[in-house]
Amino acid sequence: MKVKDFITEINNTYPDIDKNEVASDDLIGQKEKSLGYKLPNSFKTFLKEFSNGIMLLDAEPIGGVGEDDDSPCGSIFLASSIIKKNIINIVPTKETITPDRLIAFSLYDAMDSANHFWVFICDKEYPNNEYRVGLISQYTEDIVVVLDSF
């Protein structure tokens, strides 16, 4: 599903969903500079047209850009700031990556039942910066699920 279709579907299905203000190009640019990576165009569309971070369906916190108080779920960040391992296994594809090449964009579980989180896998250049997305296991700090993109 394309992000614009997702936005339309969520807005139609949950018209009263509690969204945050949208992000500006300036805020996005500042975050890209601090991360050292360009964000995927689809994620930038999400931030600019839907919400600068959101507690999606009251269960999945998606981070925004800017300072932590600019988004209800905090700001996205390099996974190297919280992952203790030097090498992360990408289990489904039998690859490895360093945590400084992972951008955390889902910030733990709102139900306090899990601390798995989703990351952009910045392993190479992709058209429109549409990196693969991986789920980091709270137990192993390895990527256990990989999706083609956000």
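The following dialogue examines how terms are applied to this predicted model.

Visitor: What makes up the chain, and in which order do the elements run?

Guide: The chain holds three helices and nine strands. From the N terminus on, the elements run α-α-α-β-β-β-β-β-β-β-β-β. Of its 150 residues, 44% count as buried. The chain exposes about 8,200 Å², of which carbon and sulfur atoms supply 49%.

Visitor: Why is the pair Lys 48 and Asp 25 called a salt bridge?

Guide: The closest N and O atoms of Lys 48 and Asp 25 are 2.9 Å apart. The term requires a side-chain nitrogen of Lys or Arg within 4 Å of a carboxyl oxygen of Asp or Glu, so the pair qualifies. Lys 48 belongs to helix H3 (residues 41-49) and Asp 25 to helix H2 (residues 25-35), and the pair links distant parts of the chain, 23 residues apart.

Visitor: Are Lys 48 and Asp 25 buried, partly exposed or exposed, and how do you know that?

Guide: Lys 48 has a relative accessibility of 34%. Partly exposed covers the range between the 20% and 50% cut-offs, so Lys 48 is placed in that class. Asp 25 has a relative accessible area of 56%, which is over 50%, and therefore Asp 25 is exposed.

Visitor: What makes Lys 44 and Glu 32 a salt bridge, and which elements does the pair tie together?

Guide: Their side chains meet at 3.2 Å, N to O, which is within 4 Å, so the pair satisfies the criterion. Lys 44 lies in helix H3 and Glu 32 in helix H2, so the pair ties together parts that are twelve residues apart in sequence. Lys 44, at 16% relative accessible area, is buried because the value is under 20%. Glu 32, at 9%, is buried because the value is under 20%. Glu 32 and Lys 44 are also linked with Lys 38 in a network of salt bridges.

Visitor: How do you know that Arg 132 and Asp 123 form a salt bridge, and how is each residue classed?

Guide: The N to O distance between their side chains is 2.7 Å, which is within 4 Å, so the term applies. Arg 132 has 14% relative accessibility and is therefore buried, the value being under 20%. Asp 123 has 21% and is therefore partly exposed, the value being between 20% and 50%. By this rule, the salt bridges come to seven.

Visitor: Why is Ser 75 called buried, and which polar contacts does its side chain make?

Guide: Ser 75 is in the loop between strand S2 (60-62) and strand S3 (77-78). Its relative accessible area is 8%, which is under 20%, so Ser 75 is buried. The side chain of Ser 75 makes a polar contact with the side chain of Lys 31 at 2.9 Å, and reaches the backbone oxygen of Gly 64 at 3.4 Å. Both distances are within 3.5 Å, so they meet the distance limit for a polar contact.

Visitor: Why is strand S7 described as largely enclosed, and which strands does S7 join?

Guide: Four of the five residues of S7 (residues 117-121) are buried, so the strand is largely enclosed by the rest of the structure. Strand S6 (residues 102-104) runs antiparallel to S7, joined by three bridges. Strand S8 (residues 132-136) also runs antiparallel to S7, joined by five bridges. Pairing needs at least two bridges, so S7 pairs with S6 and with S8. Ala 104 stands opposite Val 119 in S7, and Phe 120 has Val 133 in S8 as its bridge partner.

Visitor: What makes Phe 105 buried, and which residues does Phe 105 touch?

Guide: Phe 105 is in the loop between S6 and S7. Its relative accessibility is 4%, which is under 20%, so Phe 105 counts as buried. Beyond residues up to four places away in sequence, Phe 105 touches ten residues' worth of neighbours listed for it, among them Phe 43, Ile 76, Trp 118 and Phe 150. Pro 61, another of the residues touched, is 44 residues from Phe 105 in sequence, and their C-alpha atoms are 8.4 Å apart.

Visitor: Which residues of the largest nonpolar core touch the most other members?

Guide: Of its 21 residues, these are Leu 39, Phe 43, Leu 47, Ile 76 and Phe 120. The elements giving two or more residues to this core are helix H1 (3-13), H2 and H3. A second, separate core of 15 residues includes Ile 83, Ile 90, Leu 102 and Ala 104.

How values were computed:
Residues numbered from 1 in each chain as written. Predicted model: local features only at pLDDT ≥ 70, side-chain atom pairs only at ≥ 80, totals over all residues. Heavy atoms only, no water. Buried < 20%, exposed > 50% of the residue type's maximum accessible area, 1.4 Å probe, protein only. Polar contact = N/O pair within 3.5 Å; in protein donor to acceptor, adjacent residues only side chain to side chain. Areas by Shrake-Rupley, 256 points an atom, 1.4 Å probe, with all protein chains shown as cover. Contact = heavy atoms within 4.5 Å. Core = buried A, V, L, I, M, F, W, Y, C linked by side-chain atoms within 4.5 Å.
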